[in-house]
Number of protein chains: 2
Amino acid sequence: MIRNIPKIPRLFFNEKQSTNLSTHELLIKLGFLTNPKPGLNNWLPMGLLVLNKLKSIIRTNLNNHGCEELSLSILSSADKWEKTGRWGNTELFKLKDSSKSDYCLSPTSEEDITLLVKNQITSYKELPITYYQVREKFRDEIRPRMGLLRAREFLMNDAYSFDVNEVQAMKSYNNMVSAYHEIFKSLKVPYVKADADSGDIGGDLSHEWHYPSVHGEDTLFKCEGCGSISNIEMTKSAPPKNHKPIDDTKEYFYKDGDEILKIVVPKDREFEPKFLKVHYPQAEETDLTHATKTVHDIRCDPEGLPLVLAQENDHCGHCSSPLKSFRAIEIGHTFYLGTKYTESLDFTLPVPIENSNGKTIDKHVVMGCYGIGISRIIAAVGDLKDDKGFKWPISICPWTVTLVTPPKFKSEDIILDVVEGLNDFRWDNRDIGLGNKIKQSNLLGIPIVVIVGRNFPKVEVETRWDISSPELESLGEKKDYKWIVHKDSLKQFLNILIKQM
Amino acid sequence: MIRNIPKIPRLFFNEKQSTNLSTHELLIKLGFLTNPKPGLNNWLPMGLLVLNKLKSIIRTNLNNHGCEELSLSILSSADKWEKTGRWGNTELFKLKDSSKSDYCLSPTSEEDITLLVKNQITSYKELPITYYQVREKFRDEIRPRMGLLRAREFLMNDAYSFDVNEVQAMKSYNNMVSAYHEIFKSLKVPYVKADADSGDIGGDLSHEWHYPSVHGEDTLFKCEGCGSISNIEMTKSAPPKNHKPIDDTKEYFYKDGDEILKIVVPKDREFEPKFLKVHYPQAEETDLTHATKTVHDIRCDPEGLPLVLAQENDHCGHCSSPLKSFRAIEIGHTFYLGTKYTESLDFTLPVPIENSNGKTIDKHVVMGCYGIGISRIIAAVGDLKDDKGFKWPISICPWTVTLVTPPKFKSEDIILDVVEGLNDFRWDNRDIGLGNKIKQSNLLGIPIVVIVGRNFPKVEVETRWDISSPELESLGEKKDYKWIVHKDSLKQFLNILIKQM
């Protein structure tokens, strides 16, 4: 018996291949995972192979960037969430233990990690620290979907940086941004980094990381001039030059201290209060209408502010070039947090005062936090499928190669000869036709099929990505979609092929 | 800068070394983990290194035995637990989601995996299957301890086998027993396999896997004659030969159908009802005392049954040789389950009837389940410590080697020369004395210290385990506790040393 040749998946798609299935339906149909309940996932062996490769890429790059892995308890006690004011979050899965103490299932770990580091270090000289984990997270979505994009239990890589001051904290932030670029580059799936709103997590600066996809839930805008990319929630937009101020308007009223603001925006556009708060952070909507001041959207008054959500053909608020929108799936988010959590959890360290003969002052530690939605990436990359099936990039495919033999072919000697040097393949030796095996391998998204048959020692190589190069041509002969390669050149041929994929 | 040299742990034991600390206190003090609440653990980077090596040993051996890894949702819905009658378990962590549906945090996954396999396969030809996972488990212990032995969240490797009949199921059971032997052998920590009671999990046959330890909560007996080992709950014992029947007795009454049994056991021994139930499965304790039948413990009547818990110097119930007791920590449990779960969850497959022209009959699938307490192993192996500190076996030490240099030593060239070929070490280059660094490395349980200093290219090698052999002597010179080795022989020397550890 040949040892350690991964078995074929137990579940496979026996029916006539359908391009009508959604990515998630296809993931389930082919045996990557199951949904025991909406928003909950069981990862089957083949899905776990994909997850594990992704986890490994993330770990390697974070370790190379000086981050250290740890693993926090999934149960997080209520006391710390009360201190940061987040216990009221309606999407927390809450439970009581047998002594009636309150816990939640961690949806994110700012509270836990801040207290852990607070208890662990005593000197600012031990900073910077960036800890990360790869961990199940929980969010009690009221309307979970069967897919991986809005799940109630999901796999996430979360990281947290701790620094002695703002300058150092920005260095840690930029170090993580660099790690994220490395991670997403090595996946070889086109991605974008966008200016983003910090939302509930809080903090002063944040970026989202997205895969452009027509199935995405987010709308992003890219400026054709300065190239800046931002989530619609953060896109500063302006009308084209020489645009006439719009008269057909609607009004909102906000109270800002003693002032009552009248907000004037075009009638057919969506007012975004966040944009107002950039300029009037304390402003709150009011029923009072005796305005003491009027604030115009820039479309209504060239001296005004950008106050409405951007639309296709709006211009960039920074450089006035046209904005183009696209849909995208959020796969990561990096936050410069500042001292939001170290203040509410009272984490300070004594820091020397300059020229004071060793006197110190207690300063709040400065944080960043960073997240990659690991199971979301599987869903987003799954969307790359075509009418033959999935198209996993080499970096995270369940196996790199399917080795296919004709029905009744049982010569393990030949297989041993072929597989020497291959270390990430499966052998499909079922007694079904070659064509079906190749189709199934394509459907599963295995990048390469190697067919061993009557022409041995010549073997055939088929790929999910059409690739050609002089190096490949020197080792194999291309016939339609297949390459004919001698078994002695196979290892070298595949190595080149894999590098070019 | 030298890349990828693991940093020294951020936390270390700066105080005068204390042998009074418990294993768990020392794990926390040295920075392997923290306890945010009793029974909950945060694994710090160094602890995670130990956990990860252990996980990797388990995965390799289970994969070699044909098992396939998957990963089930941590949230498990109440419906299936109600079907198997286990929803009433008082140690389940229970919670409701926003739509008021009931879930528990999985303490074990018989229900989930049975339903998953039931939905996944349609033919007995797809059997045998053995699935496993490496996963957090949850148990709402009423009296959790700070240690890893009675935790509320713990890391477990659980596996489940599915077979078409009892004979095949016993093969799968024995295959897992063989995998467990491989796993525990490769840890190189003395272990025992003991006959055990199946308890709440149920089933017909089970074995516990233990590390003998004076701190263990279990009492095991080993027979000096036949060598059988069993948990006290399962130990059949008898008095020595020529022992006089004991007259000083106490009595219990049990109802078994129409019979009222009077149970007679020695006054100073502990009656164990489980032993009675081996012979009278339906018997229940009763207030009725008009006995219709008397059942004697074998100590009171040579024709009687073994009905009391064994004691030191009892004899073996099988071979009559003396029994010796010892304390042990349970680290694994294997169960032959039979059809307990497939019956309550209605999982049958059509199986051909012999000589019936292809007629089939629906049969319940036969299961086994298997568990290794991963975080318990850390606690149990941690107990191997001596007055210098932990003594991790090579298989699961956080690092194999600490590379130690004197204060102010900054020559990275020399370090690069020494570390070539080492791939699992940390470099302690702090500006503190050599002696302290060596002490700390020993305390952490790092098996080998390599000291690079003034005598370079000669280096010193110290070990936590006193080892010597002609091969080592041909490459190095032993001086007291240290070996003096030339840097060019270091790699070969360490390879031999590691193999002999």
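**Exercise 1. Work out what holds domain 1 and domain 3 of chain A against each other in this predicted model.**

*Step 1: the area.* Start with the surface the two domains hide. Domain 1 of chain A and domain 3 of chain A bury about 1400 Å² between them, and carbon and sulfur atoms make up 78% of that. On the domain 1 side, A:Leu30, A:Lys53 and A:Val381 supply 34% of the area buried against domain 3, more than any other three residues.

*Step 2: the residues.* Next, count who touches whom: 17 residues of domain 1 meet 13 residues of domain 3.

*Step 3: the polar part.* There is 1 salt bridge between these domains. To check it, look at A:Lys53 and A:Asp424: their side chains pair up at 2.7 Å, N to O, inside the 4 Å cut-off for a salt bridge. Polar contacts across this interface come to 3 residue pairs, both residues at pLDDT 80 or more.

*Step 4: the elements.* Helices H1 (23-29), H2 (45-64), H5 (166-187) and H8 (374-382) of chain A each bring at least two residues to the domain 1 side. H2(A) gives the most, with 6 residues. Sorted by type, that side has 13 nonpolar, 2 polar and 2 charged residues.

**Exercise 2. Place these two domains within chain A as a whole.**

*Step 1: the division.* Chain A splits into domain 1 (23-206 + 334-381), domain 2 (237-309) and domain 3 (390-500).

*Step 2: the distances.* The C-alpha centres of domains 1 and 3 of chain A are 39 Å apart. For scale, the C-alpha atoms of the chain fill a box of roughly 90 × 60 × 50 Å along the principal axes.

*Step 3: the make-up.* You should find 12 helices and 28 strands in chain A. Of its 501 residues, 53% count as buried. Now take contacts in chain A between residues at least 6 apart in sequence: 68% of them join residues at least 24 apart.

**Exercise 3. Describe the contact between chain B and chain A.**

*Step 1: the size.* Each chain puts in 50 residues. The buried area is about 4300 Å², with 51% of it from carbon and sulfur atoms.

*Step 2: the pairs.* Count the salt bridges between the chains and you get 8. One of them joins the side chains of A:Arg152 and B:Asp97, at 2.7 Å from N to O. Polar contacts add up to 23 residue pairs, both residues at pLDDT 80 or more.

*Step 3: the chain B side.* Strand E7 (residues 129-138) of chain B gives the most here, with 5 residues. By type, the chain B side holds 21 nonpolar, 11 polar and 18 charged residues.

Notes: Residues are numbered from 1 along each chain as its sequence is written. Chains are lettered from A and ligands numbered from 1 in the order in which they are written. This is a predicted model: local features need pLDDT of at least 70, side-chain atom pairs count only at pLDDT 80 or more; totals for chains, interfaces and linings use all residues. Side-chain values use heavy atoms; hydrogens and water are left out. Domain bounds come from an automatic or database domain assignment. Contact means heavy atoms within 4.5 Å. Buried area is the accessible area (1.4 Å probe) that two parts lose on being put together, summed over both. A polar contact is a pair of N or O atoms within 3.5 Å; within protein, one must be able to donate a hydrogen and the other to accept it, and residues adjacent in sequence count only if both atoms are side-chain atoms. Helices (H or I, at least four residues) and strands (E, at least two) are DSSP runs, numbered from the N terminus. Ala, Val, Leu, Ile, Met, Phe, Trp, Tyr, Cys and Pro count as nonpolar, Asp, Glu, Lys and Arg as charged, and the others, Gly among them, as polar. Buried means under 20% relative accessible area, exposed over 50%, partly exposed in between (1.4 Å probe, protein chains only).
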